[in-house]
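Colleague: Please take a close look at one buried loop residue in this model and work outward from there. I would like the surroundings described in one connected account.

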Amino acid sequence: MSAEPTAGRATVFALGRQALEAHCRDLGASPRWAGVLRRRLLAGEPPALPARLAAGLRERVAFSSLGVLAREPTADGAEKLLLRLVDGETIEAVRLPGTRHASACLSTQVGCAMACRFCASGLAGLRRNLAAGELLDQVALLNGSGLGEVGASRVRRLVLMGSGEPTQNLGAIAEALGVLAEEGGIGPRHVILSTVGPPSAIARLQALGLKLTLALSFHALERELRGALVPTQAHVEPLQLLEAADAYAAANGRPYQLEVVLLGGLNDGVEQARALGAALRGRRVHVSLIAWNEVPGQPFRRPEPERAEAYLASLRAAGCSAALRRTVGGDRHAACGQLRGARGLPTGPTAPHDLAP
Ligand code: SF4
């Protein structure tokens, strides 16, 4: 496990391309090496700079803002990284395998203010937003973590579903996506942003015109139940959220996703599925069902498989496009709603490698 201390130096992606070009010139090298370095870092590849330039740059610039405290491979081929930020905070990011390309699940904030009752990431509240450079460094590390493995594939898809409510950090996300489209080979069409709302947050995202796919973290059509599960959104009428997502999908030219975390005995009933199916009729939406992943200490239970299947069948019978998402990474708490940054764990070389809370 490695951790590259920045030792007070600016990092490559915090610095920006022009400043990096100026450093290259200053060191007697062509400024084009700045672009080479940035692309190679995003691809998770060794920098491969001329030796003198590499040595000179390393004295001035850190190549990553993130230290890897622990790598947690899961039985299903995912890998969760516990990462230390320069201010000592910790986040997690997950590499998810795919048949042709890998996906990267990024955190967008340290902690989260939304306090969804079923989610580990919001347990300790919001600590701070992540900077664009910290988002890009997550991509670089997740890409690099697959290098050298048999059958490893490049990260070509991003899901902004780690810790944090992405619509509270849209400036940094827009900046990072601009860099990834230009230098990282990942266009906004291959990015999914998950939000719990409110409708005004979806409108702000739409106004940015980023063209990424929206995933609405929905969970319940009943206002009272949704408010109990996502207390910071208790004032929001779920149907208004759907309308905001409809408007986003119309502007974006592609359907949105509706995420429903199924909690045993709470929101996994067939009647609830029928009501949701009726509400979604005529909307451009795909429903993604996620059987809740156990988080120790939380008062929920995973739905029985037959109830989850019956819920799915009811939605489909109502004419909805829907699927029960395969849980990846659940054996190491790397799945949706289980990232928590492992705050409080000791940092440095003695950090424990078992992140299970
Ligand atoms: S589910 Fe998402 S929005 Fe809700 S607390 Fe977790 S990270 Fe935050």
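Modeller: Leucine 106 counts as buried because its relative accessibility is 2%, and buried means under 20%. That value belongs to a predicted model. Leucine 106 sits in the loop between strand S6 (102-105) and strand S7 (109-111). Leaving out residues up to four places away in sequence, leucine 106 touches Leu135, Gln138, Val139, Leu142, Leu158, Val159, Leu160, Met161 and Gly162. Its C-alpha atom is separated by 8.8 Å from that of arginine 95, 11 residues apart along the chain.

One of those contacts, Leu158, leads into the interior. With residues up to four places away again not counted, leucine 158 touches Ala104, Leu106, Val139, Leu177, Leu180, Ile186, His190, Val191 and Ile192. Leu158 is also among the residues with the most contacts inside the largest nonpolar core, together with Leu57 and Leu258. That core has 78 residues. Helix H6 (residues 170-184) gives the most to this core, namely seven residues. Another core lies apart from it and has 17 residues, including Cys112, Ala220, Val261 and Leu263.

Cys112 also belongs to the surroundings of the ligand, where the other residues are Met114, Ala115, Cys116, Cys119, Ser121, Gly122, Gly162, Gly164 and Val196. Gly162 in that shell is also touched by leucine 106. By class, the shell around the ligand divides into six nonpolar and four polar residues, with no charged ones.

Ala220, from the 17-residue core, is part of the lining of the second largest cavity. Also in that lining are Phe218, His219, Leu221, Glu222, Val260, Asn267, Gln272, Leu276 and Tyr311. The cavity holds about 60 Å³ of space, and its lining has six nonpolar, three polar and one charged residues. Three cavities of 30 Å³ or more are counted in the model.

Some backbone features deserve a separate check. Most residues other than glycine have a negative phi, and most peptide bonds are trans. Histidine 219, a residue other than glycine, has a positive phi near 75°. Histidine 219 is found in the loop between S11 and helix H8 (223-229), and it counts as buried because its relative accessibility is 3%. Lysine 211 is not a glycine either, and has a positive phi of about 70°. Lysine 211 lies in the loop between H7 and strand S11 (213-217). At a relative accessible area of 35%, lysine 211 is partly exposed. The peptide bond joining glycine 197 and proline 198 is cis, with omega about 5°. Proline 198 is placed in the loop between strand S10 (191-195) and helix H7 (199-208).

A further buried loop residue is proline 47, with 17% relative accessibility. Proline 47 lies between helix H3 (32-42) and helix H4 (51-60). Not counting residues up to four places away in sequence, proline 47 touches Leu37, Arg40, Arg58 and Phe63. Its C-alpha atom and that of leucine 37, 10 residues apart along the chain, are separated by 5.6 Å.

For the protein as a whole, there are 11 helices and 14 strands. Of the 357 residues, 54% are buried. Among contacts with a separation of 6 or more, 68% are between residues 24 or more positions apart.

Definitions and conventions. Residues numbered from 1 in each chain as written. Predicted model: local features only at pLDDT ≥ 70, side-chain atom pairs only at ≥ 80, totals over all residues. Heavy atoms only, no water. 1 Å grid on protein atoms, 1.4 Å probe; cavity = no way out; pocket = protein on both sides within 12 Å on 5 of 7 lines; lining within 4 Å. Points joined across faces, edges and corners; volume = space filled by probe spheres on them. Nonpolar A, V, L, I, M, F, W, Y, C, P; charged D, E, K, R; others polar. Near = heavy atom within 4 Å. Core = buried A, V, L, I, M, F, W, Y, C linked by side-chain atoms within 4.5 Å. Buried < 20%, exposed > 50% of the residue type's maximum accessible area, 1.4 Å probe, protein only. Helix = DSSP H or I, 4+ residues; strand = E, 2+ residues; numbered from the N terminus. Contact = heavy atoms within 4.5 Å.
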